[in-house]
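Let's take a walk through this model, one piece at a time. Have the sequence and the 3D view open as you read.

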Amino acid sequence: MTLLTHVRQALTGVADPSRASAMQAYMKSAMPFLGVTAVPRRTALRRVFSEHRLDSAPEWRRAVLGLWREAEYREERYAAIELTAHRYYRPWQTLYTVPMYEEMIVTGAWWDLVDEIAVHRIGTLLRLYPDSMRPLMLEWARDGDLWKRRTAILCQNAFRDRTDPGLLYACIEPSLSDTDFFARKAIGWALREYAKTEPAEVVRYVNHHRLSGLSRREALRNVPVT
């Protein structure tokens, strides 16, 4: 059996079909859900991934994209994302994974599929390979695809005091005039995360740039009023 078959069987075994329609409606997803919530999903997938180890980085990338492309249920795409993060395959997080993640971002095209990749996969690659990833993020920040722009904005969200503000602002700038909710939300979220270590700098930035009301509120949500 293929890895997809094992994954589908494991997810079906812990699914609660009565939840499926509500989960699909909440996520505004054209792809149906099986009805598997996060905890049982992760438990089931850990078992499957432990029992079916992949032997090489190319095989792992093919398996991830196989799960992604052939998914019939949204939880199977969540499984593909979790496979990218499995501890067995951490050494294989290299620049060779960028095309895989780019495909997942562009074809996923929704926050529940994109944001984990943006913050914890592309962000990891930026930390490991800054000389290659920095110019790529600047390129994505100006891309016609909303979700690549959102990824560029969010990729430093877990960096805290290691955030490169010049890169952050350069990735935000092309989207400042974007009226899309997800672009505006991303700007505010990224600035809010940076404000956890540099609140005064975020206040300065917000006060000197024309942000949407949504971006401004999100950026300053946890900044003490003085």
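Ala 109 counts as partly exposed, because its relative accessibility is 29%. You'll find Ala 109 in the loop between helix H6 (98–108) and H7. Check its backbone while you're there: phi is positive, about 50 degrees, although Ala 109 is not a glycine. Keep in mind that this is a predicted model.

Arg 160 has a positive phi too, at about 50 degrees, and again the residue is not a glycine. Arg 160 belongs to the loop between H9 and H10. With a relative accessibility of 40%, Arg 160 counts as partly exposed.

Now step back into H6 and look at its partner. Helix H4 (residues 57–70) and H6 cross at roughly 10 degrees, and their axes come within 11 Å. An angle under 35 degrees counts as roughly parallel, so that is the label for H4 and H6. On the H4 side, the residues that meet H6 are Trp 60, Arg 61, Val 64, Leu 65, Trp 68 and Arg 69. From H6 come Met 100, Tyr 101, Glu 103, Met 104, Thr 107 and Gly 108. Sorted by type, the residues of this contact are 7 nonpolar, 2 polar and 3 charged.

Several of those names come back when you look at Thr 84, which sits in helix H5 (residues 74–85). Is Thr 84 buried or exposed? Its relative accessible area is 0%, so Thr 84 is buried. Leaving out residues up to four places away in sequence, Thr 84 touches Trp 60, Val 64, Gln 93, Met 100, Tyr 101, Met 104 and Arg 121. With Arg 121 there is also a polar contact, side chain to side chain, at 2.7 Å.

Next, go back along the chain to the loop between helix H2 (17–27) and helix H3 (38–51), where Met 31 is found. Despite its place in a loop, Met 31 counts as buried, since its relative accessibility is 17% and the cut-off for buried is under 20%. What is Met 31 in contact with, leaving aside neighbours within four places in sequence? The list is Gln 24, Ala 71, Glu 72, Tyr 73, Arg 74 and Arg 77. Thr 37 is in the loop between H2 and H3 as well, but at 30% relative accessibility Thr 37 counts as partly exposed. Between the C-alpha atoms of Thr 37 and Ser 21, which are 16 residues apart along the chain, the separation is 13 Å.

To get from there to H11, try a long jump: Met 31 and Glu 193 are 162 residues apart along the chain, and their C-alpha atoms are separated by 31 Å. Glu 193 is one of the buried residues of H11. This helix covers residues 181–195, and at 1.5 Å a residue its 15 residues should span 21 Å; the end C-alpha atoms are 21 Å apart, so the expectation holds. At the start of H11, a side-chain oxygen of Asp 180 comes within 2.7 Å of the backbone nitrogen of Phe 182.

How enclosed is H11? Of its 15 residues, 11 are buried, so the rest of the structure largely encloses this helix. Among them are Phe 182, Ala 186, Leu 191, Arg 192 and Tyr 194. The buried residues of H11 pack against helix H7 (111–128), helix H9 (146–154), helix H10 (165–172), helix H12 (199–207) and helix H13 (213–219).

Two of those partners deserve a visit. H9 packs with H11 at an angle of about 5 degrees, the axes being 9 Å apart, which makes H9 roughly parallel to H11. Leu 146, Trp 147, Arg 150, Ile 153 and Leu 154 in H9 meet a set in H11 that includes Phe 182, Lys 185, Ile 187 and Trp 189. The residues of this contact divide into 10 nonpolar, no polar and 2 charged.

H10 also has a cap at its N-terminal end: a side-chain oxygen of Asp 164 lies 3.0 Å from the backbone nitrogen of Gly 166. Within H10, Leu 167, Leu 168, Tyr 169, Cys 171 and Ile 172 are buried. These buried residues pack against H7, helix H8 (130–140), H9, H11 and H12.

Technical notes:
Residues are numbered from 1 along each chain as its sequence is written. This is a predicted model: local features need pLDDT of at least 70, side-chain atom pairs count only at pLDDT 80 or more; totals for chains, interfaces and linings use all residues. Side-chain values use heavy atoms; hydrogens and water are left out. Helices (H or I, at least four residues) and strands (E, at least two) are DSSP runs, numbered from the N terminus. The expected span of a helix is 1.5 Å times one less than its number of residues. Buried means under 20% relative accessible area, exposed over 50%, partly exposed in between (1.4 Å probe, protein chains only). Contact means heavy atoms within 4.5 Å. A polar contact is a pair of N or O atoms within 3.5 Å; within protein, one must be able to donate a hydrogen and the other to accept it, and residues adjacent in sequence count only if both atoms are side-chain atoms. Axes are lines fitted to C-alpha atoms, for helices over the stretch in contact, and angles run from 0 to 180 degrees between N-to-C directions. Angles under 35 degrees count as roughly parallel, over 145 as roughly antiparallel, 65 to 115 as roughly perpendicular and the rest as oblique. Ala, Val, Leu, Ile, Met, Phe, Trp, Tyr, Cys and Pro count as nonpolar, Asp, Glu, Lys and Arg as charged, and the others, Gly among them, as polar.
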